[in-house]
Amino acid sequence: MNAELGGDMLEILERKQMLADAILMMERAGIIDFNGHVSVRVGESHMLINSGKSVRSALTVDDIVTIDFEGRLVEGDAPPPMEFHIHAEIYRRRREVGAVAHTHPLWSTLLGMVGKPVLPVIMQAAVLGEIREFPTTASINNRQLAAELADVLGDARVAVLKSHGAVVAAEGILEAFVLAVYLEETAQRQYLASQIGTPAVLAPEQVKAIGRNLWKPNLLQKVWDYHRAKLVY
């Protein structure tokens with residue numbers, strides 16, 4: 001099974017711990033609540049993901065299960081979240097994606113509820129790329145809906161789901177975590193600034209230049225380390 005999952009036991013355990021940390025940090029930051037899930041691809045057709053019943057505010061590696069893209073449990077003792085289809089469909093279509101997050105953030109969800117796009121109003125937003133908008137309010141609990149969402153996401157990194165949070169697709173857990181953080185920080189500042197005026201939006205050439213400058217491993221790691229230091233075991 002180890003070869004099938006694309007790594008030895010130690011490597012799989014390390015990925016499970018990093019995934020559990022990412023979910024805990026998202027919960028502490030208000031990006032995930034009692035729902036929400038994050039996965040990491042393993043091998044050609046499997047993923048690690050937090051179980052549907054897992055308590056996101058007290059998550060451990062024991063809450064991380066291994067499933068195939070059909071949702072069948074390969075390792076673990078609890079079923080995956082009903083919306084595992086989101087992750088599976090993105091992995092099927094985009095081989096470059098190594099981690100997917102479905103979050104329930106407050107500020108970007110508020111903007112999505114009223115049809116307001118999240119705009120590049122702060123520098124960190126430059127790494128988000130084009131933010132796609134999924135117009136259907138629904139639990140993505142079947143493959144058809146997941147396919148519709150994947151169509152909307154296309155080759156982008158981020159999609160906002162109307163009244164339902166967001167989806168992030170990235171190279172790995174670190175990148176997915178940072179994108180989820182930047183999306184929510186952008187939405188919060190955009191909303192707050194709009195209460196006192198019209199937020200200035202970065203021009204396309206600014207987005208390109210700033211995004212290239214900020215999408216660097218050491219800067220992404222800095223965001224992770226900041227939130228990781230807040231965890232208390």
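How many salt bridges does the structure hold? The structure holds 14 salt bridges (a side-chain nitrogen of Lys or Arg within 4 Å of a carboxyl oxygen of Asp or Glu).

The model is predicted: local features need pLDDT of at least 70, side-chain atom pairs count only at pLDDT 80 or more, and totals for chains, interfaces and linings use all residues. Residues are numbered from 1 along each chain as its sequence is written, and side-chain values use heavy atoms, with hydrogens and water left out.

**Exercise 1.** Analyse the pair Glu 89 and Arg 143.

Solution.
1. The closest N and O atoms are 3.1 Å apart, a salt bridge.
2. Glu 89 sits in helix H3 (residues 84-93) and Arg 143 in helix H5 (residues 143-153), so the bridge ties together parts 54 residues apart in sequence. Helices (H or I, at least four residues) and strands (E, at least two) are DSSP runs, numbered from the N terminus.
3. Glu 89 is buried at 6% relative accessible area; Arg 143 is partly exposed at 41%. Cut-offs: buried is under 20%, exposed over 50%, partly exposed in between (1.4 Å probe, protein chains only).

**Exercise 2.** Do the same for Arg 93 and Asp 151.

Solution.
1. Their side chains form a salt bridge at 2.5 Å, N to O.
2. Arg 93 belongs to helix H3 and Asp 151 to helix H5, so this pair ties together parts 58 residues apart in sequence.
3. Arg 93 is partly exposed at 39%, while Asp 151 is exposed at 52%.

**Exercise 3.** Analyse Asp 155 and Arg 132, then place the earlier pairs in a network.

Solution.
1. Asp 155 bridges to Arg 132, with closest N and O atoms 3.4 Å apart.
2. Shared partners join Glu 70, Glu 89, Arg 92, Arg 93, Arg 143 and Asp 151 into one network.
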